[in-house]
There are 2 protein chains.
Amino acid sequence: MSGDVGLRDAVAVIGVGETEYSKRSGQSPVALAVEASLAAAEDAGIDIRDVDGFLPYASGITTEDMMANLSLRQVTFAPTIRMGGASAVAGLLYAALALRAGLASYILLLRARNGSSGPRVGDRRSTGAGEEFKEDFELPYGLNTPGQRYALMCRHHMHRYGTTREQLGAVALAHRAHANANPTALMYERTLTMEQYLTARPIAEPYHLFDCCLESDGGAAVILTTPDRARDARRPSVLVGGVAEGHPQSADSLLGRDDFLEIGLTTAASRAWAMAGLGPSDMDAAMVYDCFTFQTIQQLEEAGFCPRGEGGAFVEDGAIGPGGRFPVNTHGGLLSQAHILGLNHVVEATRQLRGECGDRQLARCDAVAVTGWGDLGDGALAILHR
Amino acid sequence: MSGDVGLRDAVAVIGVGETEYSKRSGQSPVALAVEASLAAAEDAGIDIRDVDGFLPYASGITTEDMMANLSLRQVTFAPTIRMGGASAVAGLLYAALALRAGLASYILLLRARNGSSGPRVGDRRSTGAGEEFKEDFELPYGLNTPGQRYALMCRHHMHRYGTTREQLGAVALAHRAHANANPTALMYERTLTMEQYLTARPIAEPYHLFDCCLESDGGAAVILTTPDRARDARRPSVLVGGVAEGHPQSADSLLGRDDFLEIGLTTAASRAWAMAGLGPSDMDAAMVYDCFTFQTIQQLEEAGFCPRGEGGAFVEDGAIGPGGRFPVNTHGGLLSQAHILGLNHVVEATRQLRGECGDRQLARCDAVAVTGWGDLGDGALAILHR
C-alpha cells in the first residue's frame with residue numbers, strides 16, 4: 001500500500017480553542033467542551049452552527065451532547081476513533097477523508113475532561129469488552145495502571161540500550177522548561193531540577209513522579225476544513241501534509257508482542273512521511289504524546305528522528321528543551337502543561353506554525369510533527385505545516 | 001452539500017459469514033467473531049490475514065482482539081462508528097472512504113454478541129458519559145429500556161396518523177413469514193397469527209411481545225474491498241452504490257426533539273439516493289432495521305418508500321411479506337431471524353443480490369436498500385446493487 005494516498009493537504013486547521021487548564025475546573029466536561037468549541041469557532045471566524053462533522057472521544061462527550069449544547073443543525077459525519085490518546089492525531093486522518101469526499105464542511109475535533117477532579121485513570125480495576133486477558137493475566141499480578149505497563153517498556157529499553165534515568169530526567173526537565181515559558185501550563189511557575197527529578201517518590205519503577213504525565217481538568221478544540229474554505233478564515237491556516245495511523249499486534253497488552261518496542265507509530269510513520277513528502281529532518285519541532293518520559297524517547301525513535309536505541313542520547317543536554325537542537329513539546333506537553341489527550345499538542349503545533357507563541361515561539365517554524373499514542377501501542381503521526 | 005460525493009460504487013461486498021443464531025451460543029463473543037470472520041473470508045476467497053481494515057462495534061470486540069485472534073499482520077484503518085444499530089450500515093461509508101483513499105485493502109465489518117445468554121439490553125440502569133440527562137429526566141420516570149422509548153414514537157404516529165395495532169401486526173407477521181422460509185432464523189419453525197400478535201403480553205404500550213426484536217446470540221461478518229480487487233473474488237460481488245449517515249438533534253433522547261418523528265435516516269436518505277443515482281422505486285426489496293414493528297414503518301416513510309403517515313397502509317395485507325409488492329427483511333430481520341445489530345441485514349441483502357437465498361430468493365433482485373438505526377435516532381441508508 002502506498003503512503004501517498006492522495007490526502008496530502010486535504011485538511012486545514014483553521015481554529016483552535018482551549019479552556020483554562022487546572023486541577024479543579026468546577027465545571028462539567030460538557031461545559032468545558034462548549035467553552036473550548038466556541039473559542040475555536042471564534043478563532044476560526046465561523047459560526048459554530050456551521051459545524052457538520054464531529055470527531056468524539058470514545059469515553060467522553062457524545063455527538064448528541066454537542067448537537068444539543070452547540071445547537072448544531074446537522075451532523076453528517078461522526079466516527080469515534082477508539083485509539084485512546086492517539087485518537088486526536090488519527091482524527092486528522094478521518095477529517096481528511098471526509099473533507100476530501102465532501103461528507104462534511106467544518107469538522108470539530110474536541111477533548112474535554114476532568115482528569116484531575118473527576119474519575120482518575122487507573123481508578124477502576126474493571127476491564128472492558130474484549131479485555132478478558134487483563135482479568136486473567138494482568139490484574140492478578142498487580143498490573144493495573146498505565147504507569148505500570150509503560151514502565152515495562154522503559155525498563156526493557158534501559159536494559160537493552162543502556163538508557164539511563166538521567167536521560168529520562170532530561171525529558172522531564174525539557175518539558176518543564178518549556179512549560180515555564182507557557183502561561184497556560186499547569187507547571188508554569190514550578191521549575192524542576194535534575195536532583196528533584198532523581199529524588200522524587202517512585203510510582204512504578206523505573207518511573208518516579210516526574211516521569212508521569214499530569215492529571216488535569218480542561219478542554220481543547222480544533223476546527224478543520226478544506227484548504228479552499230480555509231482561505232476565508234480569520235487566521236493563517238495550517239495544513240496537514242500527511243497523517244497515518246498504526247495498530248501493533250497486541251495493542252492493549254504487552255503479552256504476545258513479538259517486538260517489545262514496536263508500536264503503532266512504527267508502521268504509521270513511513271506512511272505519514274510519504275504522504276507529506278517530508279521527512280524527520282524537515283521538521284522544526286515535534287509535539288510528542290508524552291504520557292511518560294520514556295515514551296517520548298521511544299516515539300522519537302520510532303518516528304525516525306533517531307535510530308532505535310539512540311533516543312536517550314538524542315534528548316540529553318537540553319537538546320529537546322527551549323533553545324535546543326530540536327524542540328519537543330514547546331507547550332510543556334502532558335508532563336507539564338496538561339493532559340488533554342494529546343489534542344493540546346495539535347493546538348500547540350498550530351500556534352507555533354502561526355507564530356503566536358510569545359515567549360516560547362520558535363524562531364523558525366514551517367513544519368511540525370505531531371504524534372499520538374493510545375492504549376499500549378496504537379499510534380498516529382501527523383505532519384502539520386504552513 | 002452534494003449527495004454525489006464521488007463514493008458511488010467505491011465498495012464491493014465480497015464475502016459474508018454468519019455463525020448459528022441461537023438463544024445460547026455456549027461460546028464467547030470473541031469465538032463467535034472469529035467463526036463469522038473466517039466464514040466471510042472463506043466466502044470471499046481471501047486469507048483472513050489479508051484484512052488490514054477493521055470496523056469494530058463500540059461496545060464489542062476490539063481491534064486488538066481481532067488482530068490477536070485472527071493473526072492479522074497489520075491494521076491501518078480502524079474507526080469505531082458509535083451509532084448503535086446504525087453502525088453496521090454506516091460502516092459501509094467508512095469503508096468507502098478508506099478504500100477510495102487506499103488506506104486499506106480488505107476491511108472486516110463484524111458483529112458478535114451473546115445478546116440472549118449474555119448481558120441483556122436494558123439490564124443496566126447506569127448511563128454513559130454525556131448521558132446525564134437520562135439520570136435526571138428519564139430513569140426517574142421509568143424510561144429505562146429501548147422498548148419504552150421507541151414506543152413513544154409509535155404512539156405519536158398512531159395518534160397523528162391513525163396507524164393501528166393491526167398495521168403493526170402486519171409488520172410482525174410479514175417478518176415471521178419471511179423467517180419461516182429461512183432455516184437460519186431463530187423463528188424458522190414458529191408461525192405467528194394476527195390473533196397471537198394481538199393477544200400477546202404487553203411490553204411497553206402500544207408494544208406487545210411480537211412488536212419487539214429478538215434477543216439472540218451469534219455473529220456475522222462482511223468483507224469489503226475495492227471493485228477492482230473484487231474481480232478476483234470467489235463469488236459475484238455486490239456494490240455499494242450510495243451510503244450516508246445522519247444524526248438528528250437529540251439522537252439519544254426524545255427530549256428537545258423539534259420533530260418527534262425525524263430521525264437520522266430522514267436527512268441521510270436523500271444523500272444516499274443521490275450518491276447512488278437511484279431512488280426508492282428502483283429497489284427490489286429493503287432490509288430495514290426492525291428493532292420494533294413501528295420503527296420499520298417509520299423508516300420506510302423516512303427513506304422515501306411512502307409519504308410520512310402512509311406507512312401503516314403501505315405494510316398492510318402482506319405487502320412487505322413473502323410474495324408481497326415490496327418485500328422487507330426477507331431473512332426475518334431482528335424481529336424473527338436474530339438481533340445481530342443490523343449486520344445480518346447487510347448479509348441478507350448481499351445473499352439476495354447474489355441469488356443464493358433458496359426458498360426465500362426474490363425472483364428479481366438487482367438493488368436493495370439497507371437501513372440502520374442506532375440509539376434513538378442515528379440513522380444510515382445504503383443502496384446495494386449487483
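Lay chain B on chain A and you get an RMSD of 0.0 Å, using a turn of 180° and a shift of 0.0 Å along the axis. That is how a two-fold axis relates its copies. Keep in mind that this is a predicted model, with an ipTM of 0.73 and a pTM of 0.84. Below is a quick tour of the symmetry, the sheets, the salt bridges and the cysteines.

**Confidence and symmetry**

- Chain A has a mean pLDDT of 92, and 94% of its residues reach 70 or more.
- A general caution applies to the rest: where pLDDT is low, the predicted coordinates should not be read in detail.
- Which C-alpha of chain B is nearest the axis? It belongs to Thr80(B), and it sits 2.5 Å from the axis.

**The sheet in chain A**

- Chain A has an open sheet of 8 strands with mixed pairing, and the strand order reads E2-E3-E6-E1-E7-E10-E9-E8.
- The edges of this sheet are E2 and strand E8 (285-287) of chain A; each has a single partner strand, so one side of each lacks a neighbour in the sheet.
- On average, and ignoring direction, neighbouring strands here are turned by 30° against each other.
- Further in, strand E1 (residues 11-18) and strand E7 (residues 238-246) of chain A run antiparallel and are paired over 3 bridges.
- If you want a residue to look at in that region, try Ala12(A), which stands opposite Leu239(A) in E7(A).

**The sheet in chain B**

- In chain B, 8 strands make an open, mixed sheet, ordered E2-E3-E6-E1-E7-E10-E9-E8.
- Strand E2 (53-55) and strand E8 (285-287) of chain B are the edge strands, and with a single partner strand each, they have one side left without a neighbour in the sheet.
- For this sheet the average turn between neighbouring strands is 30°, direction ignored.
- Strand E9 (residues 367-374) and strand E10 (residues 378-385) of chain B are antiparallel and joined by 8 bridges.
- Val370(B) has its bridge partner in E10(B), namely Ala382(B).

**Salt bridges in chain A**

- Over all chains, the structure has 30 salt bridges.
- One of them joins the side chains of Arg73(A) and Asp50(A), at 2.9 Å from N to O.
- What does this pair tie together? Arg73(A) is in the loop between helix H2 (63-70) and helix H3 (87-101) of chain A, while Asp50(A) is in the loop between helix H1 (29-44) and strand E2 (53-55), so the contact connects parts 23 residues apart in sequence.
- Arg73(A) is exposed, with 52% relative accessibility, whereas Asp50(A) is partly exposed at 33%.
- There is also a salt-bridge network in chain A, linking Asp43(A), Arg235(A), Arg354(A) and Glu356(A).

**Salt bridges in chain B**

- Arg351(B) and Glu18(B) form a salt bridge whose closest N and O atoms are 2.3 Å apart.
- Arg351(B) comes from helix H13 (residues 343-354) and Glu18(B) from strand E1 (residues 11-18) of chain B, so this pair ties together parts that are 333 residues apart in sequence.
- Is Glu18(B) buried or exposed? Glu18(B) is buried, with a relative accessible area of 18%.
- Arg354(B) forms a salt bridge with Asp43(B), and here the closest N and O atoms are 2.7 Å apart.
- This one also links distant parts of the chain: Arg354(B) lies in helix H13 and Asp43(B) in helix H1 (residues 29-44) of chain B, 311 residues apart.
- Both of these partners, Arg354(B) and Asp43(B), are buried.

**Cysteines**

- How many disulfides does the structure hold over all chains? The count is 0.
- Cys213(A) is in no disulfide; its nearest cysteine sulfur belongs to Cys291(A), 6.2 Å away.
- Cys306(A) is in no disulfide either, and the nearest cysteine sulfur, from Cys154(A), is 15 Å away.
- Cys306(A) is buried, at 8% relative accessibility.

**One more spot in chain A**

- Thr164(A) is found in the loop between helix H5 (146-161) and helix H6 (165-179) of chain A, and it is partly exposed at 29% relative accessibility.
- From the C-alpha of Thr164(A) to that of Ala274(A) is 33 Å, with the two residues 110 apart along the chain.

Terms used:
Residues are numbered from 1 along each chain as its sequence is written. Chains are lettered from A and ligands numbered from 1 in the order in which they are written. This is a predicted model: local features need pLDDT of at least 70, side-chain atom pairs count only at pLDDT 80 or more; totals for chains, interfaces and linings use all residues. Side-chain values use heavy atoms; hydrogens and water are left out. pLDDT is the predictor's confidence in each residue, from 0 to 100. A salt bridge is a side-chain nitrogen of Lys or Arg within 4 Å of a carboxyl oxygen of Asp or Glu. Helices (H or I, at least four residues) and strands (E, at least two) are DSSP runs, numbered from the N terminus. Buried means under 20% relative accessible area, exposed over 50%, partly exposed in between (1.4 Å probe, protein chains only). Two strands pair if DSSP finds at least two bridges between them. Axes are lines fitted to C-alpha atoms, for helices over the stretch in contact, and angles run from 0 to 180 degrees between N-to-C directions. A disulfide is a pair of cysteine sulfur atoms within 2.5 Å. Copies are superposed by least squares on the C-alpha atoms of residues with pLDDT of at least 70 in both.
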